[in-house]
Amino acid sequence: MTSQRKRTAILISGRGSNMRALIEAARVPAFPAEIALVLSNRPDAAGLAFAKENGIACAAVDHKIYAGREEFERSMQVLLDLHRIEIICLAGFMRMLTPWFIGQWQGALINIHPALLPAYRGLDTHRRALDDGVKIHGCTAHFVVPAMDEGPIIAQAAVAVLDSDTPETLAARVLAQEHVIYPAALERLAAGRLQVQGNRVFCEDGSGALPAPLRVPAAS
Ligand code: GRF
């Protein structure tokens with residue numbers, strides 16, 4: 001039987017913990033996506049070593065050696081084509097992508113963002129959330145469109161903000177939820193269970209948000 005699993009690439013720039021969560025999820029034979037390629041724009045990205053140790057094709061496409069964004073992206077595109085990639089997951093990929101590249105991958109390019117979009121687009125989301133005094137924070141898996149941190153939302157998870165939180169402790173609890181919702185979002189996309197209508201994403205089984213652990217953990 002030929003495999004119907006969707007050949008998926010993960011683009012990273014750093015430690016790659018979301019990449020790892022996706023790789024772990026895709027180890028299950030029934031998972032509808034296989035991780036066929038990991039690309040990093042930074043040759044020193046820690047995540048590359050994990051991909052390599054796990055026998056996944058990986059490469060660094062160093063953005064610094066290219067004259068412009070589109071030249072850099074065309075190099076990535078060559079590798080994506082070579083590996084017959086069907087879906088791309090951005091996982092801590094710290095380069096803005098051009099409308100040209102995003103257009104090539106419309107409906108097949110997703111991202112994980114460490115905030116409950118549309119709140120806190122951009123960087124430094126956890127500190128900004130604490131500065132604003134919000135009581136609920138979280139993460140979002142979404143389709144990528146040419147505007148930064150916009151695009152139809154596939155899944156979100158919320159965490160309660162604790163009085164004792166620092167940006168670091170809050171980031172750690174949000175990250176744990178990223179590792180839950182991002183594989184779940186990829187699973188739904190790869191299985192062809194998502195339908196996009198305008199900004200809304202509908203899933204065949206009717207489940208919009210994913211488990212939101214809003215319970216405040218007991219003090220230790
Ligand atoms: C994550 O918080 C993700 O939401 C954001 O960048 C961070 C990447 O972390 N886009 P990692 O490299 O996946 O550990």
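## Make-up of the ligand shell

The shell around the ligand is made up of two nonpolar, five polar and two charged residues. Please keep in mind that this is a predicted model. By name, the residues around the ligand are R15, G16, S17, N18, G92, I112, H113, P114 and E178.

## Contacts and burial

Let's look at the polar contacts with ligand oxygen atoms. R15 places a polar side-chain atom 2.5 Å from an oxygen atom of the ligand, and S17 likewise has a polar side-chain atom 2.5 Å from a ligand oxygen atom. N18 takes part through its backbone: an N or O atom there lies 2.9 Å from an oxygen atom of the ligand. Taken alone, the ligand would expose 360 Å², and the protein buries 85% of that.

## Where the ligand sits

If you are looking for the largest pocket, it is the space taken by the ligand. Two elements, α1 (17-26) and β5 (109-113), each give two or more residues to the shell around the ligand.

On the domain level, the ligand lies between domain 1 (1-105) and domain 2 (111-220), because both of them give residues to its shell.

## Backbone details to check in the β5–α5 loop

Two backbone features may catch your eye here. The peptide bond from L117 to P118 is cis, with omega near 10°, and P118 is found in the loop between β5 and α5 (125-132).

Y120 also lies in the loop between β5 and α5. Although Y120 is not a glycine, its phi is positive, at about 55°.

Key
Residues numbered from 1 in each chain as written. Predicted model: local features only at pLDDT ≥ 70, side-chain atom pairs only at ≥ 80, totals over all residues. Heavy atoms only, no water. Near = heavy atom within 4 Å. Polar contact = N/O pair within 3.5 Å; in protein donor to acceptor, adjacent residues only side chain to side chain. Areas by Shrake-Rupley, 256 points an atom, 1.4 Å probe, with all protein chains shown as cover. 1 Å grid on protein atoms, 1.4 Å probe; cavity = no way out; pocket = protein on both sides within 12 Å on 5 of 7 lines; lining within 4 Å. Sits in = over half its atoms within 2 Å of the grid points. Helix = DSSP H or I, 4+ residues; strand = E, 2+ residues; numbered from the N terminus. Nonpolar A, V, L, I, M, F, W, Y, C, P; charged D, E, K, R; others polar. Domains from an automatic or database assignment.
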